[in-house]
Amino acid sequence: MDDIEAIEDNLLKQDDVTLIRRKDYVNNPKDSGYRSLHLILSVPVFQTDGPYEVPVEIQIRTIGMDMWASLEHKLKYKTNSDPNMIAKYSNDLIGYAEELTQIEQNMQIIHKDIR
């Protein structure tokens, strides 16, 4: 989980990258349980007639966060399932998001201890 902050720090250290907006869903998850760090950055794109500043969105997640987000997206937007089943699993996913966060925090502790 510390890598999320390290990636953000490394991106923002670049002198040609400008932070436009930051949404921290890691420390402030959505009600659904969704966690991720969203950065909207301005980056130069080099064309034959010169560089252009282009806004880009980068979403930084752990593997667990990405797995959860992919499943939640599939459940809500890529299915024709019964709405009652979607509601049931959506509620389950809220709890699973908390469990994944706890697991990732515990694994981070182990990682730091063995370093």
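The residues lining the largest cavity of this predicted model divide into 4 nonpolar, 3 polar and 2 charged. The lining consists of G33, R35, G64, M65, W68, A97, L100, T101 and E104. Two elements, α2 (63–77) and α3 (83–114), each give two or more residues to this lining. The greatest contribution is that of α3, with 4 residues.

The space enclosed by these residues amounts to about 60 Å³. A search of the whole structure, with a lower limit of 30 Å³, finds 1 cavity. As a general principle, empty space is revealed by rolling a probe the size of a water molecule over the atoms.

From the cavity, the description passes to the nonpolar cores. In soluble globular proteins, nonpolar side chains tend to be buried together. The largest nonpolar core of the model comprises 10 residues, namely I4, L11, V17, V26, L37, L39, L41, V43, I60 and M65. At least two residues of this core are supplied by each of α1 (2–13) and β2 (37–47), and β2 provides the largest share, 4 residues. M65 belongs to this core and is also one of the residues that line the cavity.

Within the core, L37 merits separate attention. With residues up to four places away in sequence left out, L37 touches I4, E8, R22, K23, D24, V26, I58, Q59 and I60. Of these contacts, I4, V26 and I60 are listed with L37 among the members of the largest core.

Another core, of 9 residues, lies apart from the largest one and includes Y25, I86, L93 and A97. A97 also appears in the lining of the largest cavity.

Notes: Residues numbered from 1 in each chain as written. Predicted model: local features only at pLDDT ≥ 70, side-chain atom pairs only at ≥ 80, totals over all residues. Heavy atoms only, no water. 1 Å grid on protein atoms, 1.4 Å probe; cavity = no way out; pocket = protein on both sides within 12 Å on 5 of 7 lines; lining within 4 Å. Points joined across faces, edges and corners; volume = space filled by probe spheres on them. Nonpolar A, V, L, I, M, F, W, Y, C, P; charged D, E, K, R; others polar. Core = buried A, V, L, I, M, F, W, Y, C linked by side-chain atoms within 4.5 Å. Buried < 20%, exposed > 50% of the residue type's maximum accessible area, 1.4 Å probe, protein only. Contact = heavy atoms within 4.5 Å.
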